[in-house]
Amino acid sequence: MKVAVFPGSFDPLTLGHLDLIKRGSALFDQLAVAVMTNSSKNPLFTVEERVAQIKEAVSGLDNVSVITTDGLTVNLMNRIGADYLMRGLRNTTDFQYERDIAAMNNFLDDQCETVFFLAKPEYQHLSSSLLKEVTSAGGDISAYLPANINEALKKRLAERELLRVKEDNEEAR
Ligand code: ADP
């Protein structure tokens, strides 16, 4: 059985990530999307929130599970019996970075085979951080996010803005 892991921060999951998950789900028997608990120092969404958001977004894909992980990806792979590590490539910057990580993972465990998926042209310019930046500046990027995550993102950024205004007001007093 071909079991793969797709680790990432997913803060939040975009349609670029979701496209990869659908393609991975068609290629592998089982695919575990692993939300990394230690990858982003100041995430917008908690790990629990991200897991719930992704579960809703992949609910139609029967062979996809959503888990959390920290530490070495190869340890997670050994725990769940995965031989394949899935990652996405959008550009040459991704390639340089991912090549080094793949080589290191293969050094740590020579059973670990990284499989790269090229981003679809329409999603090549997408990153979670760019979408957060555009949304917080008032831009509509709903075309790039699953509906549940678009709503959650707008809500969270509005909460943050309210908090910021409140803090500014308190400071001004
Ligand atoms: P990380 O912090 O591990 O890079 P991300 O959530 O940013 O976590 O990305 C997880 C994986 O998804 C990475 O392999 C990244 O290259 C890939 N990825 C991110 N955005 C896209 C996209 N728009 N299209 C295809 N792959 C993507």
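Is Thr73 buried or exposed, and what is its relative accessible area? In this predicted model, Thr73 turns out to be buried, because its relative accessible area is 13% and anything under 20% counts as buried. Thr73 belongs to helix α3, which runs over residues 73-80. Setting aside residues up to four places away in sequence, Thr73 touches Val5, Pro7 and Leu85.

Thr73 also turns up in a database record. An unreviewed UniProt entry carries the annotation "binding site", and that annotation covers Ser9, Lys41, Thr73 and Arg87. Of these residues, Ser9, Thr73 and Arg87 are included in the lining of the largest pocket. Now for Lys41, another residue named in the UniProt annotation. Lys41 sits in the loop between β2 (30-36) and α2 (47-57). Its relative accessibility is 88%, so Lys41 counts as exposed, the cut-off for that label being over 50%. So two residues under one annotation can sit quite differently: Thr73 is buried, whereas Lys41 is exposed.

Next comes Arg87, which is part of strand β4 (residues 84-89). Neighbours within four places in sequence aside, Arg87 is in contact with a whole string of residues: Phe6, Pro7, Gly8, Leu20, Tyr97, Glu98, Thr114, Val115, Phe116 and Phe117. For Pro7 there is some extra detail: its backbone oxygen lies 2.7 Å from a polar atom of the Arg87 side chain. Pro7 is also among the residues that Thr73 touches.

Phe6, one of the contacts of Arg87, leads on to the aromatic rings. A search of the whole structure comes up with two aromatic pairs. One of them joins Phe6 and Phe10 in an edge-to-face arrangement, with 5.2 Å from centre to centre and 70° between the planes. Both Phe6 and Phe10 are buried. For Phe10 the figure is 3% relative accessibility, which means that it counts as buried.

The backbone around Phe10 deserves a look too. Phe10 is found in the loop between β1 and α1, and it has a positive phi of about 50° even though it is not a glycine. Pro12 is placed in the loop between β1 (3-8) and α1 as well. The peptide bond leading from Asp11 to Pro12 is cis, and its omega is near 0°.

The last stop is helix α5, made up of residues 128-136. Its buried residues are Ser128, Leu131, Lys132 and Thr135. Viewed down the axis of α5, these buried residues fall within an arc of 100°, so they line one face of the helix. Why would such a spacing put residues on one side? An α-helix has 3.6 residues a turn, so residues three or four places apart point the same way. The buried residues of α5 are covered by elements that include α1 (15-27) and α6 (147-172). Just after α5 comes Gly138, which takes a positive phi of about 95°.

Note on methods. Residues are numbered from 1 along each chain as its sequence is written. This is a predicted model: local features need pLDDT of at least 70, side-chain atom pairs count only at pLDDT 80 or more; totals for chains, interfaces and linings use all residues. Side-chain values use heavy atoms; hydrogens and water are left out. Helices (H or I, at least four residues) and strands (E, at least two) are DSSP runs, numbered from the N terminus. Buried means under 20% relative accessible area, exposed over 50%, partly exposed in between (1.4 Å probe, protein chains only). Contact means heavy atoms within 4.5 Å. UniProt positions are given in the numbering used here, feature names are shortened, and annotations may be inferred rather than shown by experiment. On a 1 Å grid over the protein atoms alone, a cavity is a set of points where a 1.4 Å probe fits but cannot get out, and a pocket is an open set with protein on both sides within 12 Å along at least five of seven lines; lining residues have an atom within 4 Å of a point. A polar contact is a pair of N or O atoms within 3.5 Å; within protein, one must be able to donate a hydrogen and the other to accept it, and residues adjacent in sequence count only if both atoms are side-chain atoms. The arc is that of the directions from the helix axis to the C-beta atoms. Rings of Phe, Tyr and Trp (its six-membered ring) pair if their centres lie within 6.5 Å; planes under 30 degrees apart count as stacked, over 60 as edge-to-face and the rest as tilted.
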